[in-house]
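Trainee: Could you take one part of this structure and go through it closely, giving the cut-offs behind each term as you use it?

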Protein chains: 2
Amino acid sequence: MKKIQCDVLVIGGGPAGGVSAVTAKMNYPHKEILVVREHEVQLVPCAIPYVFGETLGCSEKDVASCAMAEEMGIATLVGKVKNVDTQKKIAYLNEDEIHFDKLIFATGSTPFVHASLEHALDLEGVFTISKNKDFIDKLDAYAKDKEEIVVVGSGFIGVEVAVEFATKGKNVTVIGGSKHILENAFDGELGNVAEEHMEKVGVTYIGEDRVVEVIDKNGDNVVNAVKLKSGKIIDTQIVILATGYKPNTTLAQNAGVSLGHYQGIWVDEYMRTANHDIFAVGDCSARRDFITKEPSKVMLASTSSAEGRVAGSSLYGIHYLKGFSGTIAIFSTMIQEIAFSSAGVTQAQAKRAGIDVVVGSFSGVNRHPATIPDAQEQFVKLVAMRNGGQIIGGQIIGGKETGEMINLIGMIIESHFDIYKVMSMQVATQPKLTAAPTSYPVVMAAHIIAQKIHKGV
Amino acid sequence: MKKIQCDVLVIGGGPAGGVSAVTAKMNYPHKEILVVREHEVQLVPCAIPYVFGETLGCSEKDVASCAMAEEMGIATLVGKVKNVDTQKKIAYLNEDEIHFDKLIFATGSTPFVHASLEHALDLEGVFTISKNKDFIDKLDAYAKDKEEIVVVGSGFIGVEVAVEFATKGKNVTVIGGSKHILENAFDGELGNVAEEHMEKVGVTYIGEDRVVEVIDKNGDNVVNAVKLKSGKIIDTQIVILATGYKPNTTLAQNAGVSLGHYQGIWVDEYMRTANHDIFAVGDCSARRDFITKEPSKVMLASTSSAEGRVAGSSLYGIHYLKGFSGTIAIFSTMIQEIAFSSAGVTQAQAKRAGIDVVVGSFSGVNRHPATIPDAQEQFVKLVAMRNGGQIIGGQIIGGKETGEMINLIGMIIESHFDIYKVMSMQVATQPKLTAAPTSYPVVMAAHIIAQKIHKGV
């Protein structure tokens with residue numbers, strides 16, 4: 001038995017754990033920081049879908065760099081922590097003891113599979129999108145000589161994986177419960193556009209349906225079809241279950257740490273558990289929505305990174321005030337050359353949460369004049385409170401600039417800015433980079449909302 | 001003599017005038033809005049440099065659309081207003097009288113030429129970058145069979161024009177007074193990068209020098225060289241004076257409207273002159289800096305558009321609170337495939353203004369992982385108040401996403417956000433669109449500043 005001593009122990013080497021460690025070292029340079037992670041090689045989670053298509057083409061191109069952590073003098077161990085004693089402040093790794101002063105759980109998430117389909121994972125040809133390199137390589141290799149793929153789940157992981165396989169010439173069908181794809185992030189009129197682009201790449205979408213059975217006709221333990229609730233049977237060689245993720249909390253739970261909603265580890269705004277020496281960040285922590293304050297299942301590396309920064313700064317007292325409370329579910333995806341971004345609540349979500357909102361949409365182009373050679377259509381929708389005018393949601397379709405434009409909208413939402421603040425905001429516009437100053441879409445959408453509120457419609 | 005009646009008269013059809021008119025009509029749909037502009041065809045001012053290169057290739061592709069104004073029922077007259085009687089509320093256009101209730105001066109700006117070089121404009125081959133289509137066409141035609149071009153002025157118009165001509169194979173030299181190009185927007189370490197990229201395209205930069213004489217060796221009224229303060233003589237067939245613009249205020253001045261600094265029309269925060277029926281917006285209005293509150297010469301269509309929105313909403317009373325006071329000088333430019341963006345004050349400007357600042361820079365890539373095929377370097381510098389930590393300036397070098405990323409920084413500056421707010425902000429990150437969540441450059445630069453302030457360095 002070896003006794004390892006550190007000041008701050010981070011369990012998990014994904015984005016949340018990595019950022020926690022780096023931030024801790026920046027804030028407390030004299031503390032010993034130790035990261036324990038399960039896998040020798042850590043994938044960049046958001047880019048996993050691109051391993052399967054032509055964008056990256058292999059998982060070796062999707063390996064996260066640990067260079068920054070190493071340069072900063074952060075120690076790393078590869079292994080699985082079996083148990084944690086939060087009273088004695090010891091984590092047990094194989095035969096070794098790690099003694100810590102502060103502990104950060106960053107244990108991430110694993111694919112969620114509906115109980116009725118769990119047994120299907122025993123069949124050859126049935127996969128989930130795990131964040132484990134070996135697993136991803138296995139799916140990639142298995143798919144090489146197959147033609148037919150069914151993706152169950154129409155969230156962004158399902159859609160991105162489907163599109164990547166389709167660009168390699170595979171015959172891909174996505175099956176989702178919602179009318180349009182990406183329903184958690186986009187209202188129907190945008191989800192519909194995303195769906196059209198996905199179908200242009202050759203992916204078929206079957207919506208408002210669900211898989212009730214994964215079939216092995218020949219009894220040889222190899223999948224060859226799925227049966228849907230509607231009765232449809234779809235022949236396939238591969239089934240990918242992209243039906244979300246669940247927090248990895250067994251370790252924390254066994255250590256007596258309390259869980260919150262959706263089985264995430266309960267934490268306060270500074271990512272502390274009830275025991276202020278124990279923190280949790282990233283997908284393993286319980287989240288709630290920034291606007292509705294309801295429990296949230298949103299799992300994004302960007303949110304995890306923001307949490308890691310807060311935890312890493314708050315280990316030995318509150319270093320600065322945290323700017324937000326709850327996830328704004330801000331993210332982007334791409335379908336071929338079209339980017340789709342969303343932040344905050346959609347109009348449909350607002351309605352379900354009982355929020356009286358007014359929406360404004362503006363359609364233009366992402367260059368000015370529109371004759372600039374690479375000009376693409378750009379569409380912005382904003383969702384605002386009728387009372388107060390605060391912007392609580394935004395959705396964009398456009399070119400690659402969309403990825404940063406949504407961060408502007410994110411800041412607007414996070415700061416509770418109203419449409420009036422946005423209407424007079426100063427923006428930079430450049431012919432080759434943005435829409436025209438006279439019709440900058442975020443400003444125009446805010447303007448349209450102001451008109452509606454003014455007229456009482 | 002014709003008597004024309006309107007409620008709101010806008011003099012000028014550029015971005016400021018156009019946005020004023022559209023906003024006025026949105027806010028006051030029952031009012032008659034009339035725009036009087038001097039030219040039948042109005043160019044999109046920011047894209048004028050692209051007329052000369054391959055991006056647009058001709059001015060016909062740079063014509064501003066009036067479709068939105070026409071659809072909304074905004075009337076337009078082409079002509080030059082000779083005089084305005086602000087007491088009688090009459091503008092005189094040729095033989096006609098335009099009676100108005102509210103007047104918005106949006107008369108724009110014309111090229112500024114140093115007094116010592118004014119006579120040079122009489123020589124054949126000497127041009128300014130006017131916003132008049134005929135003038136732009138004349139330069140474009142004249143340049144067709146010429147090889148040698150000298151651009152005087154290293155601001156963004158000078159640089160963009162130089163780069164466009166260089167991509168057409170011309171031999172272009174830019175002459176500027178500052179050590180590096182774009183000095184008003186970028187600190188030396190960024191200006192240096194811009195300069196290197198400009199030189200890669202084949203443009204030569206001569207800095208810390210100035211043109212003292214434009215030479216017509218043969219006495220045939222055709223330019224063939226310039227002489228610099230340093231004594232250098234540079235042979236050339238074309239001289240383009242891109243030495244800034246001055247407000248067009250003769251009309252307003254003759255009407256007895258007071259001017260402010262740098263000869264712009266004095267206006268309050270709502271773009272009203274002392275007479276609240278008379279407004280001024282855009283380049284013809286006097287501006288000051290958002291941070292230093294000193295008079296500003298910044299002229300940008302985006303700022304003009306923001307002012308137009310404020311004026312158009314405030315014609316009959318203050319409709320909503322204006323969100324800002326002073327220009328944050330937010331703009332972007334491109335040199336080939338590299339984008340350069342800036343907002344607020346530079347480190348050098350802060351120093352000159354006596355502001356105690358701390359800066360943070362972060363260098364990374366605009367995709368994640370860096371193996372994503374179109375990944376480009378991305379560099380962000382933030383300038384923050386040592387006391388308080390508010391971010392008062394930002395500069396970016398990167399890919400096309402830079403054009404929207406600077407708008408996030410603009411909002412941060414305009415809202416007086418501090419580094420702590422930025423450090424915990426939630427951003428969307430996507431492999432094909434942005435930097436990694438773990439090292440989003442705006443957050444990282446803020447983090448570096450926080451460390452420096454904390455350590456007192």
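Mentor: B:Gly364 is buried, with 20 other C-beta atoms within 10 Å; a residue is called buried if 20 or more other C-beta atoms, placed from the backbone, lie within 10 Å of its own, exposed if 12 or fewer, and partly exposed in between. This is a predicted model, in which local features need pLDDT of at least 70 and side-chain atom pairs count only at pLDDT 80 or more, while totals for chains, interfaces and linings use all residues. Residues are numbered from 1 along each chain as its sequence is written, and chains are lettered from A and ligands numbered from 1 in the order in which they are written.

The place of B:Gly364 is in strand β24 (residues 357–365) of chain B, where helices (H or I, at least four residues) and strands (E, at least two) are DSSP runs numbered from the N terminus. Leaving aside neighbours within four places in sequence, B:Gly364 is in contact with B:Gln378, B:Ala435, B:Ser439 and B:Pro441, a contact being a pair of residues whose C-beta atoms, placed from the backbone, lie within 7 Å. Of these partners, B:Ala435 is 71 residues away along the chain, and its C-alpha atom is separated from that of B:Gly364 by 7.4 Å.

The strand that holds B:Gly364 belongs to an open sheet of 5 strands with the order β22-β23-β26-β25-β24 (chain B) and antiparallel pairing; two strands pair if DSSP finds at least two bridges between them. Because β22 (331–335) and β24 of chain B each have a single partner strand, they stand at the edges, and one side of each is left without a neighbour in the sheet. Neighbouring strands of this sheet are turned by 10° against each other on average, direction ignored, with axes taken as lines fitted to C-alpha atoms, for helices over the stretch in contact, and angles running from 0 to 180 degrees between N-to-C directions. At the other edge, β22(B) and strand β23 (residues 338–344) of chain B pair in the antiparallel sense over 5 bridges, and B:Ser332 stands opposite B:Ser341 in β23(B).

Helix α11 (residues 441–455) of chain B lies across β24 and β25 (377–385) of chain B, running at about 145° to β24(B).

The α11 helix of chain A can be described in its own right. Its 15 residues (441–455) should span 21 Å at 1.5 Å a residue, and the end C-alpha atoms are 21 Å apart, which agrees; the expected span is 1.5 Å times one less than the number of residues. Among the buried residues of α11(A) are A:Pro441, A:Val442, A:Val443, A:Met444 and A:Ile449. What covers the buried residues includes β24 (357–365), β25 (377–385), α9 (402–414) and α10 (419–423) of chain A together with α1 (15–27) of chain B. After α11(A) comes A:Gly456, whose phi is positive, near 75°.

That cover from chain B leads to the contact between the chains, which takes 70 residues from chain A and 71 residues from chain B. On the side of chain A that touches chain B, α9, α10 and α11 are among the elements that each supply at least two residues, and α9(A) gives the most, with 10 residues.

Key
Two residues are in contact if their C-beta atoms, placed from the backbone, lie within 7 Å.
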